[in-house]
Amino acid sequence: QVQLVESGGGLVQPGGSLRLSCAASGGISNIYSMGWYRQAPGKQRELVASLTSGGSANYVDSVKGRFTISRDGAKNTVYLQMNSLKPEDTAVYYCKLRAGFPIIKDYWGQGTQVTVSS
């Protein structure tokens, strides 16, 4: 059974940095992409950044130049380095894994809280 375990969230001051990690385990095959989503109170969940198995990264405009997504393929772990954090980055951040063959499934982590506040 596929499991995603996230870590690295917390409270940080504006302008600070955090690094989120998401480790996937449980008989994973054919990874298509891994990514990070976030959901702020009263808002819909949105894609923050994604990374395909081929190495193509995609970011929401509001985080371009500040966030970097990366992956350790040997460990099936995806990271989100977040710099120059702003209060509007405050949200619960979720990791998503898209994998499987012939049936492709999406797997979600439990979420980790990121709070940017002075």
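Two residues count as being in contact when heavy atoms of theirs lie within 4.5 Å. Keep that in mind while you look at this predicted model: among contacts in the protein chain between residues at least 6 apart in sequence, 54% join residues at least 24 apart. The chain has 11 strands and zero helices, and here is a quick tour.

**The whole chain**

- Walk along the sequence and you meet strand after strand, in the pattern β-β-β-β-β-β-β-β-β-β-β.
- The radius of gyration is 14 Å, close to the 13 Å that the globule rule gives for 118 residues, so the protein chain is as compact as a globular protein of that length.
- Picture a box of roughly 45 × 25 × 25 Å along the principal axes, and you have the space that the C-alpha atoms fill.
- Of the 118 residues in the chain, 39% are buried.
- About 6,300 Å² of the protein chain is exposed, and carbon and sulfur atoms supply 47% of that area.
- The chain carries 12 positive and 7 negative charges, and the mean positions of the two sets are 3 Å apart.

**Glu46, in strand 5**

- You'll find Glu46 in strand 5, which covers residues 46–52.
- Glu46 has 30% relative accessibility, so it counts as partly exposed, because that label covers values from 20% to 50%.
- Leaving out residues up to four places away in sequence, Glu46 touches Trp36, Tyr37, Arg38 and Val60.
- One of those partners, Arg38, also makes a polar contact with Glu46, side chain to side chain, at 2.7 Å.
- Ile28 is another story: Glu46 and Ile28 are 18 residues apart in sequence, and their C-alpha atoms are 25 Å apart in space.

**Gln39, in strand 4**

- Gln39 belongs to strand 4, residues 31–39.
- With a relative accessible area of 28%, Gln39 is partly exposed.
- Not counting residues up to four places away in sequence, Gln39 touches Gln44, Arg45, Ala91, Val92 and Tyr94.
- The Gln39 side chain also reaches the backbone oxygen of Lys43, at 3.1 Å.
- Gln39 and Met82 sit 43 residues apart along the chain, with 16 Å between their C-alpha atoms.

**Arg66 and Ser84, two loop residues**

- Arg66 sits in the loop between strand 6 (57–59) and strand 7 (67–72).
- Is Arg66 buried or exposed? Its relative accessibility is 10%, so Arg66 counts as buried, because the cut-off for that label is under 20%.
- Setting aside neighbours within four places in sequence, Arg66 is in contact with Gln81, Met82, Asn83, Ser84, Leu85, Lys86 and Asp89.
- Ser84, one of those contacts of Arg66, lies in the loop between strand 8 and strand 9.
- Ser84 is partly exposed, at 40% relative accessible area.

**Backbone details worth a look**

- Ser84 turns up again here, since it has a positive phi of about 50° although it is not a glycine.
- Asn76 isn't a glycine either, and has a positive phi of about 50°.
- Look for Asn76 in the loop between strand 7 and strand 8 (77–82).
- Which two residues does a cis peptide bond join? They are Phe101 and Pro102, with omega at about 0°.
- Pro102 is in the loop between strand 9 (91–99) and strand 10 (105–108).

Terms used
Residues are numbered from 1 along each chain as its sequence is written. This is a predicted model: local features need pLDDT of at least 70, side-chain atom pairs count only at pLDDT 80 or more; totals for chains, interfaces and linings use all residues. Side-chain values use heavy atoms; hydrogens and water are left out. Helices (H or I, at least four residues) and strands (E, at least two) are DSSP runs, numbered from the N terminus. The radius of gyration is taken over C-alpha atoms; the globule rule is 2.2 Å times the number of residues to the power 0.38. Buried means under 20% relative accessible area, exposed over 50%, partly exposed in between (1.4 Å probe, protein chains only). Accessible areas come from the Shrake-Rupley method with a 1.4 Å probe; for residues, only the protein chains shown count as cover. Lys and Arg count as positive and Asp and Glu as negative; His and the chain ends are not counted. The place of a charge is taken as NZ of Lys, CZ of Arg, CG of Asp or CD of Glu. A polar contact is a pair of N or O atoms within 3.5 Å; within protein, one must be able to donate a hydrogen and the other to accept it, and residues adjacent in sequence count only if both atoms are side-chain atoms.
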